[in-house]
Amino acid sequence: MRISVILPAKNEAEGLRVTLPRLRAAMPDAEIIVVDDGSTDDTAAVAASHGARVLGSPYSMGNGAAIKRGARAAGGDLLVFMDADGQHDPAEIPRLLARLDEGYDMVVGARDTTGQASAGRSAANGFYNRLATWMTGHRIDDLTSGFRVARADRFREFLHLLPNGFSYPTTSTMAFFRSAYPVAYVPVEVARRVGNNSHIRPIKDGIRFLLIIFKIATLYSPLKLFLPAALLAFFLGIGYYAYTFVTEHRFTNMSMLLFSAGVIIFFIGLISEQITNLTYRRD
């Protein structure tokens, strides 16, 4: 099968000088695509000098946008996504590809706690992993890892769902699980990044990651979110009614409000479930 390796890059000239020779040595026959996301340094020139196919952009559109452009242009049957900053070891790619032969449609390189940029990010990613595991019912070891391989036809089914920002790993993972495409995780070592500092803004992007998890969860299984919220409102209404009945011998507006909120949230969940079924109508 033909293999395409896609590296989104914004001002990653220094990292590419390290990554591309190692990548070419590990994958000599693969198509290597560097998607230059509006860089102001020598990213495009460095990539071209190492024999990579360069897709340029007149301005920065975001990491996810670069992934989408690379996936559309790739000629391979299998797609490999990795960072251009030297964190991901190209020598690990054959291990990930080998798991595809076991029947998986996507294999993700999973970092341990030592591979995280900071303790705070490690804790946040741990929370995301547990939340996504609960949503999907499958163990998710690293929801936000950008080091992954996938079958090209499967991955392109979800390009329209991917955001232009940094959360494409989250979205693609949830979409694969929702569509019953098997996903595997392989532990990988992660090195310190080469070159400039990370473009990720921890607080802003952390909040955005969390919001996207909930957004994808509503596409994946809306009632898993809405039903507990509806039950919580309903039982709070019962509890408050019991309290006011004992203390004031009356049914209050707050009790009615909580009962109504529970019913409304439940029906919103049902409608969302139907929308999800229409979104994945090809299932």
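**Figure 1. Overview of the protein chain.** Buried residues account for 49% of the 283 residues in the protein chain. The model is a predicted one. Its secondary structure consists of 10 helices and seven strands. Of the contacts between residues at least 6 apart in sequence, 74% link residues at least 24 apart. The chain has an accessible surface of about 13,800 Å², and carbon and sulfur atoms hold 60% of this area.

**Figure 2. The largest nonpolar core.** This core has 36 residues, and those touching the most other members are I6, L79, F81, F155, F176, V183 and Y185. Two or more residues each come from β2 (31-36), α3, β4, β5, α5 (119-136), α6 (152-156), α7 (168-178) and β7. Helix α7 is the main contributor, giving five residues to the core. A second core, separate from this one, has 30 residues, among them A30, A47, I93 and L97.

**Figure 3. Surroundings of F176 and S172.** F176, one of the core residues that touch the most other members, is in contact with D105, M106, A150, R154, F155, F158, Y181 and V183, its neighbours within four places in sequence left aside. Two of these partners, F155 and V183, are themselves listed among the core residues that touch the most other members. S172 is located in helix α7. S172 counts as buried because its relative accessibility is 1%, under the limit of 20%. With neighbours within four places in sequence again set aside, S172 is in contact with M106, R148, F155 and L162. M106 and F155 thus appear in the contacts of S172 and also in those of F176.

**Figure 4. The buried side of helix α4.** Helix α4 spans residues 93-100, and I93, L96, L97 and L100 within this helix are buried. These residues lie on the same side of α4, because the arc they cover around the axis is only 95 degrees. An α-helix has 3.6 residues a turn, so residues three or four places apart point the same way. The cover over the buried residues of α4 includes the strands β1 (3-9), β4 (78-81), β5 (106-110), β6 (148-151) and β7 (183-187), together with helix α1 (13-26). I93 and L97 are also among the members of the second nonpolar core.

**Figure 5. G62 in the loop before α3.** G62 sits in the loop that runs between β3 (53-55) and α3 (63-73). The relative accessibility of G62 is 16%, so this residue counts as buried. Outside its neighbours within four places in sequence, G62 is in contact with D37 and N164. The C-alpha atoms of G62 and G165 are 4.9 Å apart in space, although 103 residues separate the two in sequence.

**Figure 6. A nonpolar patch on the surface.** The patch is formed by L227, L231, F234, F235, I238, V263, F266, F267 and L270, which together have about 750 Å² of accessible area. Helices α9 (223-248) and α10 (253-279) each provide at least two of the residues. Helix α9 supplies the largest share, five residues. L270 belongs to helix α10. The relative accessibility of L270 is 33%, and this residue therefore counts as partly exposed.

Notes. Residues numbered from 1 in each chain as written. Predicted model: local features only at pLDDT ≥ 70, side-chain atom pairs only at ≥ 80, totals over all residues. Heavy atoms only, no water. Helix = DSSP H or I, 4+ residues; strand = E, 2+ residues; numbered from the N terminus. Buried < 20%, exposed > 50% of the residue type's maximum accessible area, 1.4 Å probe, protein only. Contact = heavy atoms within 4.5 Å. Arc of directions from axis to C-beta. Core = buried A, V, L, I, M, F, W, Y, C linked by side-chain atoms within 4.5 Å. Patch = residues over 30% accessible without salt bridge, like charges linked within 9 Å, V, L, I, M, F, W, Y side chains within 5 Å. Areas by Shrake-Rupley, 256 points an atom, 1.4 Å probe, with all protein chains shown as cover. Salt bridge = Lys/Arg side-chain N within 4 Å of Asp/Glu carboxyl O.
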